[in-house]
Amino acid sequence: MIRYEHVGLRYGIGPEVLEDINFQLDPGSFHFLSGPSGAGKTSLLSLMYLGRMPTRGLIQMFGQNIGELGRDQLAAMRQRVGVVFQDFRLLNHMSAFDNVALPLRIQGRPEKEIQNNVAELLDWVGLGDQKYALPNTMSGGQQQRVAIARAVITRPRLLLADEPTGNLDDEIGFRLMALFDQLNKMGTTVVIATHNQAIIDKFGHKRMILEKGRLHIEEPTKHGLRKRLEGVY
Ligand SMILES: Nc1ncnc2c1ncn2[C@@H]1O[C@H](COP(=O)(O)OP(=O)(O)O)[C@@H](O)[C@H]1O
Ligand SMILES: [Mg+2]
């Protein structure tokens, strides 16, 4: 699904913020991306959603070397990736409904299907009565749920989320994690940047840990696994 070999990233003439990143994500896997603030989590996600190109190294996605793709091919590949940005990036002149519907409209899906699917998902994330609200009239937590709904509405092959539970209380945070889990069970590969230790423990997935621009991967903690087996989740 994704393969990184000796990938580095620098901004302008600054130092490398990602140094010699090597990893592979299998299709259908679920990883938490953690590490202290400034470690490079958002930068790594921006490479993964093809928002930036690395300054060195090899990146393969969906079996293709991204350095060999043209603009149109990269754009097509981006459509298979759902992203929840840390700052949401909702379109403020469009209702919550239209923000979530946008990726389906870009794909040219029938309007009837769009109406049903978007309404159902907004109900599910607890925004059924806010469908026609404009994002800047909604709370941070509500905007975040719109951003999450927009990222998952197309059932992307790869879902990336940057601190997606940051503005949410634990209950709604766990509920949205369950949504990501459900999507993962249907085959979506998921990477979620999070600081939230309660969520990391409860869901017990593998961890990609960034420290000072270097990455290593850790198996789930026994604690997290045990909780899972006990059926807490
Ligand atoms: N657009 C940018 N231009 C220059 N430096 C940046 C930019 N974005 C991030 N950085 C720097 O890259 C490093 C990693 O940042 P970031 O990826 O945002 O980390 P995290 O998401 O883990 O907090 C930091 O030192 C940050 O200052
Ligand atoms: Mg960040």
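## Exercises on a predicted model

Helix H1 lies across S1, S2 and strand S4 (56-61), and runs at about 55 degrees to S2. Helices (H or I, at least four residues) and strands (E, at least two) are DSSP runs, numbered from the N terminus. Axes are lines fitted to C-alpha atoms, for helices over the stretch in contact, with angles from 0 to 180 degrees between N-to-C directions; two residues are in contact if their C-beta atoms, placed from the backbone, lie within 7 Å.

This is a predicted model, in which local features need pLDDT of at least 70 and side-chain atom pairs count only at pLDDT 80 or more, while totals for chains, interfaces and linings use all residues. Residues are numbered from 1 along each chain as its sequence is written, and chains are lettered from A and ligands numbered from 1 in the order in which they are written.

**Exercise 1.** Determine the strand order and the edges of the sheet that contains S1.

*Solution.* Step one: take pairing to require at least two DSSP bridges between two strands. Step two: read the order, which is S2-S1-S4-S5 in an open sheet of four strands with antiparallel pairing. Step three: identify strand S2 (16-25) and strand S5 (64-65) as the edges, since each pairs on one side only. Step four: examine strand S1 (residues 2-10), which is joined to S2 by six bridges in the antiparallel sense; tyrosine 4 stands opposite phenylalanine 23 in S2. Step five: inspect the hairpin of S1 and S2, where five residues lie between the strands and glycine 12 takes a positive phi near 60 degrees.

**Exercise 2.** Describe the shell around ligand 1 by residue, by element and by class.

*Solution.* Step one: count a residue as near the ligand if its C-beta atom, placed from the backbone, lies within 6 Å of it. Step two: list the shell, which consists of Tyr11, Gly14, Val17, Gly35, Ser37, Gly38, Ala39, Gly40, Lys41, Thr42 and Ser43. Step three: assign elements; helix H1 (residues 41-48) supplies the largest share, three residues. Step four: sort by class, giving three nonpolar, seven polar and one charged residues. Here Ala, Val, Leu, Ile, Met, Phe, Trp, Tyr, Cys and Pro count as nonpolar, Asp, Glu, Lys and Arg as charged, and the others, Gly among them, as polar.

**Exercise 3.** Locate S3 within its sheet and explain why S3 is described as largely enclosed.

*Solution.* Step one: read the order S6-S7-S8-S3-S9-S10 of this open sheet of six strands, whose pairing is mixed. Step two: note that strand S6 (81-84) and strand S10 (214-218) stand at the edges with a single partner strand each, so one side of each has no neighbour in the sheet. The twist averages 15 degrees from one strand to the next. Step three: follow the pairing of strand S3 (residues 30-34) with strand S8 (residues 189-193), parallel over four bridges; phenylalanine 32 has isoleucine 192 as its bridge partner in S8, and leucine 33 has alanine 193. Step four: turn to strand S9 (residues 206-211), which pairs with S3 in the parallel sense over four bridges, with isoleucine 209 as the partner of serine 34. Step five: apply the burial criterion, by which a residue is buried if 20 or more other C-beta atoms lie within 10 Å of its own, exposed if 12 or fewer, and partly exposed in between, with C-beta atoms placed from the backbone. Four of the five residues of S3 are buried, so this strand is largely enclosed by the rest of the structure.

**Exercise 4.** Place Val100 in the largest nonpolar core and in helix H3.

*Solution.* Step one: define a nonpolar core as a set of buried Ala, Val, Leu, Ile, Met, Phe, Trp, Tyr and Cys residues joined through C-beta atoms within 7 Å. Step two: the largest such core has 57 residues, and Val100, Leu122, Ala149 and Leu160 have the most contacts inside it. Helix H5 (residues 140-152) gives the most to this core, six residues. Step three: the buried residues of helix H3 (residues 96-106) are Ala96, Phe97, Asn99, Val100 and Ala101, and their cover includes H4 and H5.
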